[in-house]
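Student: Could you take me slowly through the part of this protein where the ligand sits, and then through what surrounds that place?

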Amino acid sequence: MTAPAKTDRQPDTVKPGSAGKVGVLLVNLGTPEGTDYWPMRRYLSEFLSDRRVIEWPRIVWYPILQGIVLSRRPKASGALYAKIWNRERNESPLRTFTRAQGEKLAAALSDHSNVIVDWAMRYGIPSIETVTKRLMDRGCDRILLFPLYPQYSATTTATVNDTFFQALMKMRFQPAVRTVPAYPAEPVYIEALAASVERHLAGLDFEPEVVIASYHGIPKSYSQRGDPYYEQCLTTSRLLAERLGWDGKKLLTTFQSRFGPEEWLQPYTDETVARLAREGVKSIAVLNPGFVSDCLETLEEIAVEAARIFHEEGGENFSHIPCLNDSEEGMRVIESLVRRELSGWL
Ligand SMILES: C=CC1=C(C)c2cc3[nH]c(cc4nc(cc5[nH]c(cc1n2)c(C)c5CCC(=O)O)C(CCC(=O)O)=C4C)c(C)c3C=C
Ligand SMILES: [Fe+2]
Ligand SMILES: [Fe+2]
């Protein structure tokens, strides 16, 4: 009898499939590790080097990024992050909420012992690659990737997907994958937004004359070249207004957080807030339907800065309506989308 032939084939280091588990990977934008110059610079550098975010030719953009933006912005942005920092945990609110969403989703799916939930950040840590490998090391041979953006944009959803697939490109033995699509018109999302607005307004001691749905902006040129983000924001606002029984004068749609010299989606939130106050509107409320979690852009730019502008221009009552975060309604949205997209895998 001859001995079996020796082979030089080695098993892959990462072995999906050993336990037949299903991973759910929640991904949000990202956040700095601290508010000082260097952590801020590292974060902004990774973020603003992303070609999905800044589409300018590298030969034009890199000298501006390295020479101007990364010498000034880390300090300025760091001071803003410091205003909203979660000092108890020494981290940004975006990280705190994303972790809570992961933990609550894991608890909600505990009826399925083969599901593992984890979370990652597109910029900063934990990175998508690290957490994808961790899920596979824990036995996941299937992964559902959930970019936490209700409206699709190449600047957000696509760059999360790209980064996930880039991590997979390095693997010989890949897991099976699915991605959760954007959900601008999902009834469970519209209902959650409406319920959160109704509850928040019921707790105020004033009735806002106008409510603003303020979304993060993108350059107008991206929209003109086919990014569906603008239309998806308008869809969410239209369905929310219909559900609340409001007309287009009661619920306005605006865009915030513009960056750089280009024109961004309009109308701008800061200009709208100032105009309303100058026109004699005394009471407004602002919600951020495009943000799954409260973060710098909602807690500072809206709840602090937009409120300051409104008061400075003669407005009297301003209220920021929190994002869905890890609230019961917010978790209902995340859980129901995950359950739907896992169908056939559970
Ligand atoms: C420079 C271009 C930017 C584009 C395009 C952009 C799109 C975009 N961003 C979000 C969500 C978030 N952005 C956040 C912060 C943030 N965004 C930009 C720039 C662009 N965003 C910068 C430079 C920063 C950092 C802060 C600053 O220096 O101003 C955040 C908050 C992160 C946190 O830790 O709190 C979120 C969330 C969306 C949804 C979007 C396009 C649809
Ligand atoms: Fe942004
Ligand atoms: Fe901002």
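Tutor: Before we begin, one convention is needed for a helix that lies across strands: axes are lines fitted to C-alpha atoms, for helices over the stretch in contact, and angles run from 0 to 180 degrees between N-to-C directions. Please keep in mind as well that this is a predicted model.

With that convention in hand, look at helix α9, residues 269-278, which lies across β5, β6 and β7 and runs at about 135 degrees to β6. The strands beneath this description belong to an open sheet of 4 strands, paired in parallel and ordered β6-β5-β7-β8. Its edge strands, each of which pairs on one side only, are β6 (251-256) and β8 (317-320), and from one strand to the next the twist averages 25 degrees. Within the sheet, strand β5 (residues 210-216) runs parallel to strand β7 (residues 283-287), and 4 bridges join the two; to follow one of these pairings by eye, find A213, whose bridge partner in β7 is L287.

Now step back to the division of the protein, which consists of domain 1 (21-182 + 328-341) and domain 2 (187-320). The C-alpha centres of these two domains lie 24 Å apart, and where the domains meet, 24 residues of domain 1 are in contact with 23 residues of domain 2. On the side of domain 1 that touches domain 2, the elements giving two or more residues are α2, α3 (93-108), α5 and α11 (328-341), and of these α11 gives the most, with 5 residues. Sorted by class, the residues on that side of domain 1 are 12 nonpolar, 8 polar and 4 charged.

This brings us to the ligand itself. Ligand 1 lies between domain 1 and domain 2, because both domains give residues to the shell around it. There are 23 residues around ligand 1, and those that come nearest are T31, S77, H216, C295 and L296. Three helices each give two or more residues to this shell, namely α2 (58-84), α5 (154-169) and α10 (296-312). By class, the shell is made up of 12 nonpolar, 9 polar and 2 charged residues.

If you put these pieces together, you can trace α2 and α5 twice: they give residues to the shell around ligand 1, and they also give residues to the side of domain 1 that touches domain 2.

Definitions and conventions: Residues are numbered from 1 along each chain as its sequence is written. Chains are lettered from A and ligands numbered from 1 in the order in which they are written. This is a predicted model: local features need pLDDT of at least 70, side-chain atom pairs count only at pLDDT 80 or more; totals for chains, interfaces and linings use all residues. A residue is near a molecule or strand if its C-beta atom, placed from the backbone, lies within 6 Å of it. Ala, Val, Leu, Ile, Met, Phe, Trp, Tyr, Cys and Pro count as nonpolar, Asp, Glu, Lys and Arg as charged, and the others, Gly among them, as polar. Domain bounds come from an automatic or database domain assignment. Two residues are in contact if their C-beta atoms, placed from the backbone, lie within 7 Å. Two strands pair if DSSP finds at least two bridges between them.
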